[in-house]
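Here is the note you asked for, written for someone who comes to this structure without earlier acquaintance. Please keep the sequence and the three-dimensional view open while reading the points in order.

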Amino acid sequence: MSHKPKNERDSSVYLRRKITLLRCITMIVSNIVGSGIFISPKGVLQNTGSIGLSLVIWFVCGILSMLGALCYAELGTSITKSGGHYIYLLETLGPLPAFLYLWAEFIAIGPANYAVLSLAFGRYILEPFFSPCTAPILAVKLASMFGLYKYVYCIKISIH
């Protein structure tokens, strides 16, 4: 007995929408805030020289981040295909820039981002134990590797 689909969508392959509101908010906050909020205030304060000016710079950067997020949301509602940056570049600029971006993201940008985040995790997780001094770099690297391992492990587990 053969089963014929009622319409085109029944026979096509598509990704299930598994993201909930809580996961969406968590992803947006972690991507926008990231670890930069914990690393860069010291440098901003040192280079500006005053608390007021550093707060103004943080406010302006927050507005710029919000505008970027709104532009990205507009792209997401305009181009409804799955694939993120790759599809946006493919639809607007063509296959070569999309492929080059995907290649650069896979080879350089993604691993560098994970390295910076894991090193920030390692430094901040060990900072209370080495309070007056800086933590040894080997301990920071080991804590970073542990944090990265736990992050990858948690991503592999799907919590429903």
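1. Is Ser118 buried or exposed, and what is its relative accessible area? Ser118 is buried, because its relative accessible area is 11%, and the cut-off for a buried residue is under 20%. The model is a predicted one, and this value, like the others in this note, is computed from it.

2. The residue just discussed can be placed more fully. Ser118 is found in helix H7, a helix that covers residues 95-126. Leaving aside residues up to four places away in sequence, Ser118 touches Ser144 and Leu148. Helix H8 is assigned to residues 137-156, so a reader who wishes to follow the two contacts of Ser118 should look for Ser144 and Leu148 in the view.3. For the protein as a whole, the secondary structure comes to 8 helices and 0 strands, and from the N terminus on, the elements run α-α-α-α-α-α-α-α. Of the 160 residues in the protein, 11% are buried. Among contacts with a separation of 6 or more, 31% are accounted for by residues 24 or more positions apart. The accessible surface of the protein is about 13300 Å², and 71% of that surface belongs to carbon and sulfur atoms.

4. Tyr101 also has its place in helix H7, but its relative accessibility is 23%, and Tyr101 therefore counts as partly exposed. When residues up to four places away in sequence are not counted, Tyr101 touches His85 and Leu89. Tyr101 and Leu89 are 12 residues apart in sequence, while their C-alpha atoms are 8.3 Å apart in space.

5. Which residues does Ser54 touch, not counting those up to four places away in sequence? The contacts of Ser54 under that condition are with Val44, Leu45 and Thr48. Ser54 itself is found in helix H5, which takes in residues 51-78. With a relative accessible area of 7%, Ser54 is buried.

6. Pro136 lies in the loop between helix H7 and helix H8, and with a relative accessible area of 39% it is partly exposed. From C-alpha to C-alpha, Pro136 and Arg123 are 9.2 Å apart in space, with their positions 13 residues apart in sequence.

7. Rolling a probe the size of a water molecule over the atoms shows where empty space is left. In this model, the second largest pocket holds about 180 Å³ of space. The residues that line the second largest pocket are Arg123, Glu127, Phe130, Ser131, Pro132, Cys133, Thr134, Ala135, Ile137 and Val140. Sorted by class, this lining has 6 nonpolar, 2 polar and 2 charged residues.

8. How many disulfides does a search of the whole structure find? The search finds 0 disulfides. As for individual cysteines, Cys61 counts as partly exposed because its relative accessibility is 40%, whereas Cys133, one of the residues lining the second largest pocket, counts as exposed at 55% relative accessibility.

Methods:
Residues numbered from 1 in each chain as written. Predicted model: local features only at pLDDT ≥ 70, side-chain atom pairs only at ≥ 80, totals over all residues. Heavy atoms only, no water. Helix = DSSP H or I, 4+ residues; strand = E, 2+ residues; numbered from the N terminus. Buried < 20%, exposed > 50% of the residue type's maximum accessible area, 1.4 Å probe, protein only. Contact = heavy atoms within 4.5 Å. Areas by Shrake-Rupley, 256 points an atom, 1.4 Å probe, with all protein chains shown as cover. 1 Å grid on protein atoms, 1.4 Å probe; cavity = no way out; pocket = protein on both sides within 12 Å on 5 of 7 lines; lining within 4 Å. Points joined across faces, edges and corners; volume = space filled by probe spheres on them. Nonpolar A, V, L, I, M, F, W, Y, C, P; charged D, E, K, R; others polar. Disulfide = S-S within 2.5 Å.
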